[in-house]
Amino acid sequence: MNRTIQFQAIENARDIGGLQTAHGHKIRSGMLVRSGNLSRATDSDVAVLQDRYKLTDVFDFRFDKEAEADPDRRIPGVRYTSLSTLPREMIEGFSSGRGDSGQQNSSDFVASLVRYASVPQAQALAKRLYPSIISSPESQKHYGDFLRGVLYAAGGSLWHCSQGKDRAGLATAFLLTALGADRETIIADFNESNAYYGKYIAQLSEQVLQRGGDEDALDFIRAMVGVSVKNFCAGLDLIDSMYGSLPAYVENQLGFIAPECARLRERYLE
């Protein structure tokens, strides 16, 4: 099932409607969208969000300087909520290496990624991203606020970070958990960012291989340009070991309690 939304200038966008839950329900289409940022959204893109998705709420997981450098296009009647979920200690390390496709195509950005792909310290930084977010009290609070925002949104909701893959990917994982999706479904949706950014991943991976890069170097490229499913699964395992399970994490760490999950499912499942 292809849930990709073909916008003119919004990256990595897909409707999470149509996904199945573990109990046989299906998420309603046309209500929940994950994507990259909206800074370059065209009039046509805005029309789709207004007409097809009845958009009323946007949740932005970027930190302040990211959002200021590439501000979302403002859509009349839409409420914008800023919920930075990148812990402060990670911002400096990632602010120069995370970006939109314009940065992906720039020669300086490409050269730096290829150069650092085989550097152990850079690989370690990429591997620390999800554990850092998962264990951060501030990030936990903001993801809980996101779930509550989706629950009470007047119409359709869209959430994003910069490229719509890591921080937005975790948000989607937590939302799918609250809606009752199983781990396999959550991982499959997360991995779809690699299909969207596949051309860039392949190009940079070839350059890394030409420089003698190994599998760790290739996974660094996937993590920076697309997503590392290996790192994501390690993050899910960390949640299981530290907090019991994904549903327990959503309820106890994110503070999104069982009655709220029930109301969320009543609204978004069919």
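Select D60 and S82 to begin: S82, in strand 4, is the bridge partner of D60. Helices (H or I, at least four residues) and strands (E, at least two) are DSSP runs numbered from the N terminus. The model is a predicted one, in which local features need pLDDT of at least 70, side-chain atom pairs count only at pLDDT 80 or more, and totals for chains, interfaces and linings use all residues. Residues are numbered from 1 along each chain as its sequence is written, and side-chain values use heavy atoms, with hydrogens and water left out.

**The sheet**

Extend the selection to strand 3 (residues 55–60), which runs parallel to strand 4 and is joined to it by four bridges. Add helix 2 (residues 64–69): with strands 3 and 4 it makes a right-handed β-α-β unit. Right-handed means that, with the strands pointing away from the viewer, the path from the first strand over the helix to the second runs clockwise.

Now display the whole sheet, which is open, has five strands in the order 1-2-5-3-4, and shows mixed pairing. Two strands pair if DSSP finds at least two bridges between them. Strand 1 (14–15) and strand 4 (79–82) are the edge strands, each pairing on one side only. At strand 1, two bridges lead to strand 2 (residues 32–35), and these two strands run antiparallel. R14 stands opposite R34 of strand 2.

**The cores**

Next, select W159. Beyond its neighbours within four places in sequence, W159 is in contact (heavy atoms within 4.5 Å) with residues including I16, L32, R34, F59, F146 and L175.

L32, F146, W159 and L175 have the most contacts inside the largest nonpolar core, which has 50 residues. Such a core is a set of buried Ala, Val, Leu, Ile, Met, Phe, Trp, Tyr and Cys residues joined through side-chain atoms within 4.5 Å; buried means under 20% relative accessible area, exposed over 50%, and partly exposed in between (1.4 Å probe, protein chains only). Helix 8 gives the largest share of this core, nine residues. A second, separate core of 19 residues includes Y200, L204, V208 and L218.

**The cysteines**

Select C161, which is buried at a relative accessible area of 0%. Its sulfur is 18 Å from the closest cysteine sulfur, in C233, too far for a bond. The structure holds zero disulfides (pairs of cysteine sulfur atoms within 2.5 Å).

**Confidence**

Finally, colour by pLDDT, the predictor's confidence in each residue, from 0 to 100. The chain has a mean pLDDT of 94, but over residues 96–104 the value stays under 50. Where pLDDT is low, the predicted coordinates should not be read in detail.
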